[in-house]
Amino acid sequence: MLRIVLAEDSVLLREGLVGLLERFGHQVAAAVGTAGELTAAVAEHVPDVVVTDVRMPPGFSDEGLRAAVALREARPRLPVLVLSQYVQRAYAEELLDSCDGVGVGYLLKERVGRVEEFVDALRRVAEGGTVVDPEVVRQLLRHRRDPLERLTAREREVLALMAEGRSNASVAQALTVSEGTVSKHFGSILTKLDLSLTDATNRRVLAVLAYLRK
Amino acid sequence: MSSLTLRQALVRRRYLLGAWPWRAALYLLSSVPAGLVLLVSVVLLAATGAALTPVLVGLPLLLTLVLIGIPVAAVERRRLRLIDPVRLGDPHRAPERPGLAVWLRTRLREPATWRELGYAVLFAGVLWPLEALLAGGVLAVCGALSATPVVMAAVTGGGEVRVLKLYLADSYPQAFAVALLGVALLPLSAYPLGWAAVGRAALTRVLLPSEPGGLDARIQELGRSRMRLVDAFEAERRRIERDLHDGAQQRLVALSMTLGLARLESPAEPLGGLLARAHDEAGAALVEIRELIRGIHPRVLTDRGLAAAVEDVADRSAVPVDVDLPLPRLPQPVESAVYFAVCEALANVARHSGASRARVTGRADGGRLTVEVRDDGNGGAATSGGTGLQGVADRLSVLDGSLLLSSPPGGPTVLRLDVPRVPAHPAE
């Protein structure tokens, strides 16, 4: 069970999310509607994970995202899952840059419709994982074509799935290959991208993302 | 006839037969009473105004004196139409609000008012006496010559008459010859008179401020109103984006969430299958509405500015695009116009150019922002054919910007846009 602080200005969605999270046995310690309230609620409840919208009152700009980044600067171990209504590399990058991307997620809001995947992503973020929306990953991959041209189609597939924060086992399952094949692919990806081999999953994802961002 | 000016009429053969000589004479002669009245008014206003200033009553009189050029110029513009159908425009702006004080302030701030005052002074002091001398002189000479026999008969009883104090006529044949000369001189003098009127009209046109000031003001107002239109359009786009975002999109997410939860209950077929389909449809609708909203007005443009928004478009482009835009935040209309211009350019690159790579570069140096979109495609792009680039050019022109397209057959295509960093006609 996770203790969650939720920030979402649309009452409809806020209620829906509370219902959804409680349906999966989590506890919503506070559900708020503004970035200011979010900061206060986090200070009060010290949650396991924060879920926040990007666009919120008073400015209806990117208050939620800024609050999330600020929260992580103040409490480096606080996991945050940001829900956005649009694919935005600039936003995702800013968030991933905070505290090396440990325990952070950036998902399109519409992913909450895939309830099990959403709850699973939330759990991974709470455990310190990195979750990036497949759409954003796709954009990142398309954006930096050059270094990736060296990769085979299958290696690119593996990389895309890794960048979503999946484990080797999960990638293997998705591609219906063995886990050994996946780690072989990944090793060759790291070699082709001139990245040194490390063993922590997020480290690898981060290394890839950092490389892609350059 | 009405489209003819005196100047054009003067070089025609039928000049003497028409009304033109009379018009010219009327133009010159009407100056005399007008100038006389003006001179008297100026002197009276100046004298009484100066005399009464110590008791403050004189101040409005002096103010009237300052403004006297306005009615004078109005009369002069009308008089000018006697011999020239081309209207001389009123250079004065309409005051922003009704009321004497606003009117006064507007007039006193306009350079046109002061030029008209200068003209009035010149008119009162120099122009009308000259005209009186000229037109009066010609008429007096012709009249005196023609009247010689009458004078001879009536005044000296058939004796002698000294015509114009120059020539002594002492017989009726001589007197009639002189009279004949006078009548013959009249049509001949119509020419110098006509040219004098033309000269006088030209002087009026030069001295009286006319269209340029007024036209400038009108062009500026036009620019502002175009800017307001674009701003209104832009505001409407943002409103639609916000409404879709806060309304339809949120509801669809909630719907998708509810359907997702319903599917967890894993009901039996066919309901389970229907739920799955409904869920997929909701997902597809969400993707569509997300793209729609982004096309209407991308959020990142408002939040992060032009460079981030262009990078975002570049990310989505089918053709790889390098972006190099080290730009500060710029005024919103500038960012919007340039953003949509770059979008259009990149869409064209993807659709028509056959390019394998494109590059967007831009600098904001000095007062201007220059952005260039270059691709390595086949070239042959044109601004006239497609409405897309034409629309972009129109939109940039509202900001006093310009669009330059170089696209020789075989490529490369370079689209360069250049706008002032600050819009020239801020919508008020």
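Start by selecting Pro58 of chain A, which sits in the loop between E3 and helix H3 (63–74) of chain A. What you have open is a predicted model, so read everything on this tour as computed from it. Show the backbone here and check the bond just before this residue: Pro57(A) and Pro58(A) are joined by a cis peptide bond, with omega at about 5°.

Stay in that loop and click on Phe60(A), which also lies between E3 and H3 of chain A. Its phi is near 50°, a positive value in a residue other than glycine. Is Phe60(A) buried, exposed or partly exposed? With a relative accessible area of 30%, Phe60(A) counts as partly exposed, because the buried class stops under 20% and the exposed class begins over 50%.

For a second backbone oddity, go to Val46(A), in the loop between helix H2 (35–45) and E3 of chain A. Val46(A) isn't a glycine, yet it has a positive phi of about 40°. Val46(A) is partly exposed too, at a relative accessible area of 48%.

**The chain A sheet**

Now switch to cartoon and colour the strands of chain A. You should find an open sheet of six strands, in the order E2-E1-E3-E4-E5-E6, with parallel pairing. Its edges are E2 and E6 of chain A, each of which pairs on one side only. Look along the sheet for the twist, which averages 15° from one strand to the next.

Select strand E1 (residues 3–7) of chain A: four of its five residues are buried. On one side, E1(A) runs parallel to strand E2 (residues 27–32) of chain A, and five bridges join the two. Pick Arg3(A) and you'll find its bridge partner in E2(A), Gln27(A). To follow the chain from E1(A) to E2(A), trace helix H1 (residues 11–23) of chain A; this β-α-β crossover is right-handed.

E1(A) has another parallel partner, strand E3 (residues 49–53) of chain A, with four bridges between them. Use Ile4(A) as your marker here, since Val49(A) in E3(A) stands opposite it.

Next, move across to strand E5 (residues 104–108) of chain A. How many of its five residues are buried? Five of the five are, and the strand is mostly covered. Turn on the side chains: in a regular strand they alternate between the two faces of the sheet. In E5(A), Val104(A), Tyr106(A) and Leu108(A) point one way, while Gly105(A) and Leu107(A) point the other.

Keep E5(A) selected and add strand E4 (residues 80–84) of chain A, which runs parallel to E5(A) and is joined to it by five bridges. Val80(A) is the residue to pick, as it stands opposite Val104(A) in E5(A). Bring in helix H4 (residues 89–97) of chain A as well, and you have a right-handed β-α-β unit made of E4(A), H4(A) and E5(A).

Which way does the chain cross from E5(A) to E6(A), right-handed or left-handed? Follow helix H5 (residues 115–126) of chain A to see that this β-α-β crossover is left-handed. E5(A) and strand E6 (residues 130–132) of chain A pair in the parallel sense over three bridges. Label Val104(A) and its bridge partner in E6(A), Thr130(A), then Tyr106(A) with Val132(A) opposite.

**Over to chain B**

Hide chain A and bring up chain B. Select Leu122(B), Val126(B), Leu130(B) and Leu203(B), which make a nonpolar surface patch of about 310 Å². Helix H6 (residues 111–146) of chain B supplies the largest share of this patch, three residues. Leu122(B) is in that helix and is partly exposed, at a relative accessible area of 33%.

Jump to Pro270(B), in the loop between helix H9 (211–264) and helix H10 (271–296) of chain B. The peptide bond from Glu269(B) to Pro270(B) is cis, with omega near 5°.

Finish on the open sheet of five strands in chain B, ordered E3-E4-E5-E7-E6 with mixed pairing. Strand E3 (321–324) and strand E6 (402–406) of chain B are the edges, each pairing on one side only. Neighbouring strands here are turned by 10° against each other on average, direction ignored. For an antiparallel pair, select E6(B) and strand E7 (residues 413–420) of chain B, joined by five bridges. Leu403(B) has its bridge partner, Leu417(B), in E7(B).

Key
Residues are numbered from 1 along each chain as its sequence is written. Chains are lettered from A and ligands numbered from 1 in the order in which they are written. This is a predicted model: local features need pLDDT of at least 70, side-chain atom pairs count only at pLDDT 80 or more; totals for chains, interfaces and linings use all residues. Side-chain values use heavy atoms; hydrogens and water are left out. Buried means under 20% relative accessible area, exposed over 50%, partly exposed in between (1.4 Å probe, protein chains only). Two strands pair if DSSP finds at least two bridges between them. A crossover is right-handed if, with the strands pointing away from the viewer, the path from the first strand over the helix to the second runs clockwise. Patches are made of residues with over 30% relative accessible area and no salt bridge: like charges are joined within 9 Å, nonpolar side chains (Val, Leu, Ile, Met, Phe, Trp, Tyr) within 5 Å. Accessible areas come from the Shrake-Rupley method with a 1.4 Å probe; for residues, only the protein chains shown count as cover. A salt bridge is a side-chain nitrogen of Lys or Arg within 4 Å of a carboxyl oxygen of Asp or Glu. Axes are lines fitted to C-alpha atoms, for helices over the stretch in contact, and angles run from 0 to 180 degrees between N-to-C directions.
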